[in-house]
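Here are my notes on the model you sent over. I've kept them as numbered points, so you can go through them with the viewer open.

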Number of protein chains: 2
Amino acid sequence: MQNKNFKRKKIKLPVVTELVDGILAGNFTALSKGITLCESKRPEDRKLANDLVKACLPHSGNSIRIGITGVPGVGKSTFIESFGIYLIEKQNKKVAVLAVDPSSQLSKGSILGDKTRMNNLSVHPKAFIRPSPSSGSLGGVTHHSRESIILCEAAGFDTIIVETVGVGQSEIEVKEMTDFFLLLMLAGAGDELQGIKRGIMEMADGMLINKADGENLLNAKRAKREYQNALHLFPLAESGSSPKVEICSALESSNLEKAWSLLENYLTITNQNGYFERQRQEQLKAWFNKSIQEQVNLSLFGNKEIKEKISILEQQVEQRNISPTEAAEQVFDYFKTSLQ
Amino acid sequence: MQNKNFKRKKIKLPVVTELVDGILAGNFTALSKGITLCESKRPEDRKLANDLVKACLPHSGNSIRIGITGVPGVGKSTFIESFGIYLIEKQNKKVAVLAVDPSSQLSKGSILGDKTRMNNLSVHPKAFIRPSPSSGSLGGVTHHSRESIILCEAAGFDTIIVETVGVGQSEIEVKEMTDFFLLLMLAGAGDELQGIKRGIMEMADGMLINKADGENLLNAKRAKREYQNALHLFPLAESGSSPKVEICSALESSNLEKAWSLLENYLTITNQNGYFERQRQEQLKAWFNKSIQEQVNLSLFGNKEIKEKISILEQQVEQRNISPTEAAEQVFDYFKTSLQ
């Protein structure tokens, strides 16, 4: 066993240029350390992380970023495993898999919390799997994930799969950092049963009905028609590429080329009409704006004295001794003073 | 015609104590001026508005706050008119009607933009109708509406009707500032057709099927049963009062007592189990937290120099000359300097 302090020192003091060199050379250990650095909340690490991302930025962007969502039970882990292998072996890709879970510290049964369940992919030399960061925090997970994408691209991965974990916000977060948002569905389960909100369907650039195998194949084919009809009722997609539905079986690794065709078709259209690049620029701007908010929130709600001040004022607000607006102004004045 | 400057002076320099006296005496003009003051974005007005709200706060709270939502065409304006008159004449209430539209500067056909359409209610001495504020802004409309509620209550109104205007956010905003959230529906139109999101149904404390008159009466009765069945599938309401469905016709002013019974039933239960007061306290805390955010956003995005800085950095971000996170840190540093 290593001495803990020694170990920490070893991890916490990487020379950024060394990390950059390692990442650009496609070294997995350097990439892992780089992502860990980006996930750190320590101010001194943030500075190093910024330098790292800045150095990687010119080498990033040359990839397809695929967001994947779907309710628990739809077979996300199996699909990512099978599709990842397909991409590597049939499309000659290098695949990185990331998970975004802004909701909590619980792993909620995410396959990425348990890397070992992606047996084949996790040991493949052309695949890099990064489990979801273990700590949800104020102003954190989102831009760490975006930074992780940059680092993976700089390390030469040309296909980035970002998995939504948890519920609620994560779909929006992932949609905002990927080029193509894929919704995994099951046949035979009504929308209600699957817990799919209409809003999620509207976000999808493509839909894939998984577990289309054995006795379920006919069901899957029928569901494909039904979903395709439903999608016709939706407003025209901003991308110019109307979402298509395909079926596949991740378990049997069958029809994975259909999943690929969804993606390929989308890429052809959006590269031609310029949407692909436009969306990326919009995403960079959105990331920027979000980071500003996160910066402010961190220095506001992350400050112990301000938090105490807020908690005292909160009691006065509850007792109606002060108006909420006035109390907020007091917090803000206090915040301004704290910055000086 | 008055000289414009003179007029402005007259409105912009009210002595707060005079306004307070006027509002507490139930004077409509003072109430209107008070609300205008709260809606003002000028820093000097904000200070006065705070004093005003603070003075009114001890006289507030003694009311029922009813949020009303429903898609365009459901007859919200007619319902508020009829129900308002019913509350005044049959339940001896004093009714104030406010509109919340955080989305835009367009009136979007809001009846409250056109006060004259509420013919009977708008001229009633026991009713006060306040059209929706004309300007949507950074950090504004929401807490103005909350402040308006306080002022109306201090002026003696014991029933505050808050109407959602526009789409999207407004339902959540209104839900967060009212005691009872009423969803108006139509019979015969499917959920999809009505554009009612499942989430809105889950927010409702009661549902009312309007236009239950003439040939539509049977439809309305059937819809009532169907919605009531659907509501049974929902998780138990936090309020302890499971939402009920009733039918009414605002046009014929029939069955308005059913609408009242929905409300009365809810109030009895939530007063007994303490939810009513607990929810109000939670809402005050939420208002407080929101106000903090709004304060920060206003001083951040409302500052001309910072906005210019952001716009320059945005271009660099788009051109990938700087990482979004690093650009955000520069904005934040600039922000800190601007506060000193």
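**Notes on the predicted model**

1. Starting with the overall picture for chain A: 43% of its 340 residues count as buried. Keep in mind as you read that this is a predicted model. The secondary structure of chain A adds up to 15 helices and seven strands. As for how the chain meets itself, take the contacts between residues at least 6 apart in sequence: 73% of them join residues at least 24 apart.

2. Next, how do the two chains relate? A turn of 180° with a shift of 0.0 Å along the axis lays chain A on chain B, with an RMSD of 0.1 Å. That makes the relation one of a two-fold axis. In chain A, the C-alpha nearest that axis belongs to A:Gln340, at 3.2 Å from it. Both copies use the same surface, and 100% of the contact residues of chain A recur in chain B.

3. A helix pair between the chains deserves a look. Helix 13 (residues 275–301) of chain A and helix 15 (residues 324–339) of chain B have axes that come within 8 Å and cross at roughly 45°. An angle of that kind is neither under 35 degrees nor in the range 65 to 115, and the two helices are therefore oblique to each other. The crossing of helix 13 of chain A past helix 15 of chain B is right-handed. On the chain A side, the residues of helix 13 that take part include A:Leu284, A:Trp287, A:Phe288 and A:Ile292. Among those they meet in helix 15 of chain B are B:Pro324, B:Ala328, B:Val331 and B:Phe332.

4. Now the sheet, which I went through in chain B. What is the strand order there? It reads 3-2-4-1-5-6-7, in an open sheet of seven strands with parallel pairing. Strand 3 (127–129) and strand 7 of chain B are at the edges with a single partner strand each, so one side of each has no neighbour in the sheet. On average, neighbouring strands of this sheet are turned by 25° against each other, ignoring direction.

5. Staying with that sheet, strand 1 (residues 64–69) and strand 4 (residues 159–164) of chain B run parallel and are joined by five bridges. For a place to check the register, B:Gly67 has B:Val162 of strand 4 of chain B as its bridge partner. Helix 11 (residues 217–232) of chain B packs on the sheet, where it touches strand 5 (180–186), strand 6 (206–210) and strand 7 of chain B. The direction of helix 11 makes about 170° with that of strand 7 of chain B. Helix 12 of chain B lies across strands 1, 5, 6 and 7 of chain B, and runs at about 160° to strand 7 of chain B.

6. Strand 5 (residues 180–186) of chain A is mostly covered, with seven of its seven residues buried. A:Phe180, A:Leu182, A:Leu184 and A:Leu186 point one way from the strand, while A:Phe181, A:Leu183 and A:Met185 point the other way. Strand 5 of chain A pairs in the parallel sense with strand 1 (residues 64–69) of chain A over four bridges, and A:Leu182 has A:Ile68 opposite. Five bridges also join strand 5 to strand 6 (residues 206–210) of chain A, again running parallel. There, A:Met185 stands opposite A:Ile209.

7. A backbone point: most residues other than glycine have a negative phi. A:Asn255, however, has a phi near 65°. A:Asn255 sits in the loop between strand 7 (244–247) and helix 12 (256–272) of chain A. Is A:Asn255 buried or exposed? With 21 other C-beta atoms within 10 Å, A:Asn255 is buried, because the cut-off is 20 or more. In chain B, B:Asn255 has a positive phi of about 65°, and B:Asn255 counts as buried with 21 C-beta neighbours inside 10 Å.

8. Last, a residue in helix 7 (residues 141–154) of chain B, namely B:Ser148. B:Ser148 counts as buried, with 26 C-beta neighbours inside 10 Å. Neighbours within four places in sequence aside, B:Ser148 is in contact with B:Ile35, B:Cys38, B:Leu98 and B:Arg130. B:Arg130 is 18 residues from B:Ser148 in sequence and 9.2 Å away, C-alpha to C-alpha.

Definitions and conventions:
Residues are numbered from 1 along each chain as its sequence is written. Chains are lettered from A and ligands numbered from 1 in the order in which they are written. This is a predicted model: local features need pLDDT of at least 70, side-chain atom pairs count only at pLDDT 80 or more; totals for chains, interfaces and linings use all residues. A residue is buried if 20 or more other C-beta atoms lie within 10 Å of its own, exposed if 12 or fewer, and partly exposed in between; C-beta atoms are placed from the backbone. Two strands pair if DSSP finds at least two bridges between them. Axes are lines fitted to C-alpha atoms, for helices over the stretch in contact, and angles run from 0 to 180 degrees between N-to-C directions. Two residues are in contact if their C-beta atoms, placed from the backbone, lie within 7 Å. Copies are superposed by least squares on the C-alpha atoms of residues with pLDDT of at least 70 in both. Angles under 35 degrees count as roughly parallel, over 145 as roughly antiparallel, 65 to 115 as roughly perpendicular and the rest as oblique. A crossing is left-handed if the near helix is turned anticlockwise from the far one by less than a right angle, and right-handed if clockwise.
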